[in-house]
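Student: I have a model open and would like to go through it with you. Can we take it piece by piece?

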Amino acid sequence: MSLDSIEKQPGGGLFVMKCGGSTLAALPDSFFEDLRELQLSGNQPVIVHGGGPAISGNLEKLGIESSFVNGLRVTTEEVLDVVEMTLSGSINKAIVRRIQASGGQALGLSGVDGNLIMARPVANHNEVGLVGEVTGVQAEIVTGILAMGYIPVIAPVGVDSEGQRYNINADTAAGAVASYIGSPSMIVVTDVPGIMHTVDGEKVVLPSVTVAQIEELIAGGEIYGGMIPKVRAAMDCIQGKVSEVIIVDGKEPRVLSRVLGGEALGTRIVR
Ligand SMILES: Nc1ncnc2c1ncn2[C@@H]1O[C@H](COP(=O)(O)OP(=O)(O)O)[C@@H](O)[C@H]1O
Ligand SMILES: CC(=O)N[C@@H](CCC(=O)OP(=O)(O)O)C(=O)O
């Protein structure tokens with residue numbers, strides 16, 4: 001199936017959803033039932049997932065120290081073993097099992113499989129080690145899985161032509177997948193109701209924000225920590241066919257179908 005024919009499917013077509021590790025365990029069964037209904041009505045969901053808290057938990061159990069620089073995990077080969085076993089193993093398979101339990105069809109893989117996500121070291125690799133930035137995504141693997149009627153569930157581990165693995169931030173990987181497959185939208189499912197900012201001393205959700213406004217929010221300290229890779233990934237991918245990135249809380253009932261239906265939920269990042 002070509003990308004064009006996927007986009008012409010009734011029911012809204014192609015979308016990329018990034019599920020954060022902050023929210024995965026808390027996602028209710030109804031979230032996966034909603035996903036199944038979207039798939040049945042002709043949508044083509046593609047999932048890229050994180051798992052930061054689970055990686056940290058496993059590293060701690062194994063007595064391996066780890067730290068973050070600007071939201072990126074400092075990654076040695078030893079850390080990367082744990083990253084890969086957690087993301088490509090337990091987390092990826094847990095998501096696949098939950099989709100299957102709701103009656104959906106899913107196929108899990110990481111960016112290593114079929115060279116799906118090609119990567120190279122990030123610019124500050126001297127500080128963070130084996131962290132990758134995406135140099136290419138084999139879009140036809142994603143479209144092929146969709147054409148078989150399965151939801152691709154992708155773990156953000158990348159690989160280079162020498163076979164070296166890289167740890168890739170899941171928001172970054174999701175944005176790259178959205179760009180390369182030409183998804184009109186990317187939905188970032190996390191543990192907060194959207195991008196919050198302070199108005200009259202109270203934290204409120206920004207319903208919509210432009211790329212230019214994001215820079216001001218980062219500079220002013222309103223956007224920090226784990227929200228930074230999300231907005232940076234959004235800014236990088238909102239071009240070409242990707243016209244919006246929506247940040248929502250996974251605990252919101254039927255969040256995916258409501259957002260795709262145009263309801264004003266969460267924060268929409270637009271050009
Ligand atoms: N302006 C903001 N609005 C909402 N959350 C923010 C903001 N700035 C920083 N954050 C933080 O970003 C977190 C989400 O990022 P993260 O924990 O990495 O989630 P995930 O695992 O879903 O990727 C929120 O829980 C919150 O602590
Ligand atoms: C380079 C880097 O930091 N990689 C992340 C990959 C997982 C991730 O991004 O998970 P969340 O979406 O739950 O944060 C990490 O090692 O934690």
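Tutor: We can go through the annotation, the sheet, the two ligand shells and a couple of loop residues. Keep in mind that this is a predicted model.

Student: What does UniProt say about residues 14–249?

Tutor: An unreviewed UniProt entry annotates them as "domain: Aspartate/glutamate/uridylate kinase". Over that stretch the chain is 39% helix and 28% strand. The C-alpha atoms at its ends are 20 Å apart.

Student: OK, the sheet. How many strands form it, and in what order?

Tutor: There are 8 strands in an open sheet, ordered β5-β8-β2-β1-β11-β15-β16-β14, with mixed pairing. The edges are β5 and β14 (208–210), each of which pairs on one side only. From one strand to the next the twist averages 20°.

Student: What does β5 pair with, and in which sense, parallel or antiparallel?

Tutor: β5 pairs with β8, residues 151–155, in the parallel sense over 5 bridges. If you want a register point, G108 stands opposite V153 in β8.

Student: Now β11. Buried or exposed?

Tutor: Buried. Strand β11 covers residues 185–190, and 6 of the 6 are buried, so the strand is largely enclosed by the rest of the structure.

Student: Which residues are on which side of β11?

Tutor: S185, I187 and V189 are on one side, with M186, V188 and T190 on the other. Both faces are covered, since each of these residues is buried. The split follows a general pattern: side chains in a regular strand alternate between the two faces of the sheet.

Student: Which strands is β11 joined to?

Tutor: Strand β1, residues 14–19, runs parallel to β11 and is joined to it by 4 bridges. In that pairing K18 stands opposite V188. Strand β15, residues 244–249, is also parallel to β11, with 6 bridges between them. There M186 stands opposite V245.

Student: And what about β2, buried or exposed?

Tutor: β2 is residues 44–49, and 6 of the 6 are buried, so this strand too is largely enclosed by the rest of the structure. Q44, V46 and V48 point one way, while P45, I47 and H49 point the other way. β2 runs parallel to β1, joined by 6 bridges. C19 stands opposite H49 there.

Student: Switching to the ligands. Which residues come nearest to ligand 1?

Tutor: G20, S22, T190, G226 and M227, out of 17 residues around ligand 1. T190 is one of the β11 residues we just covered. The shell divides into 6 nonpolar, 9 polar and 2 charged residues.

Student: Which residues are closest to ligand 2?

Tutor: G21, G50, G52, R73 and A170 are the closest of the 16 residues that surround ligand 2. Helix α3 (52–61) and strand β4 each supply at least two residues of that shell. By type, the shell has 6 nonpolar, 9 polar and 1 charged.

Student: Where does UniProt place the feature "binding site"?

Tutor: The unreviewed entry places it at G51, G52, R73 and N167. Those positions span 117 residues in sequence, yet no two of their C-alpha atoms are more than 11.9 Å apart, so they gather at one spot.

Student: Take G52 and N167. Where are they, and are they buried or exposed?

Tutor: G52 is in helix α3. G52 counts as partly exposed, with 19 C-beta neighbours inside 10 Å. N167 is in strand β10, residues 165–167. N167 is buried, with 27 other C-beta atoms within 10 Å.

Student: What does N167 touch?

Tutor: Leaving out residues up to four places away in sequence, N167 touches R73, T75, L80, V83, L130, V131, G132 and V157. R73 is also among the positions of the "binding site" feature.

Student: Last topic, backbone oddities. What is phi at N70 and at N115?

Tutor: N70 has a positive phi of about 50° although it is not a glycine. N115 is not a glycine either, and its phi is near 55°.

Student: Where do N70 and N115 sit?

Tutor: N70 is in the loop between β3 (68–69) and β4 (72–73). N70 counts as exposed, with 11 C-beta neighbours inside 10 Å. N115 is in the loop between β5 (106–110) and β6 (117–121). N115 has 17 C-beta neighbours inside 10 Å, so it counts as partly exposed.

Key: Residues numbered from 1 in each chain as written. Chains lettered and ligands numbered in written order. Predicted model: local features only at pLDDT ≥ 70, side-chain atom pairs only at ≥ 80, totals over all residues. Near = placed C-beta within 6 Å. Nonpolar A, V, L, I, M, F, W, Y, C, P; charged D, E, K, R; others polar. UniProt positions renumbered as here; feature names shortened; annotations may be inferred. Buried ≥ 20, exposed ≤ 12 C-beta atoms within 10 Å, placed from the backbone. Pairing = 2+ DSSP bridges. Axes fitted to C-alpha atoms, helices over the stretch in contact; angles between N-to-C directions. Contact = placed C-beta atoms within 7 Å.
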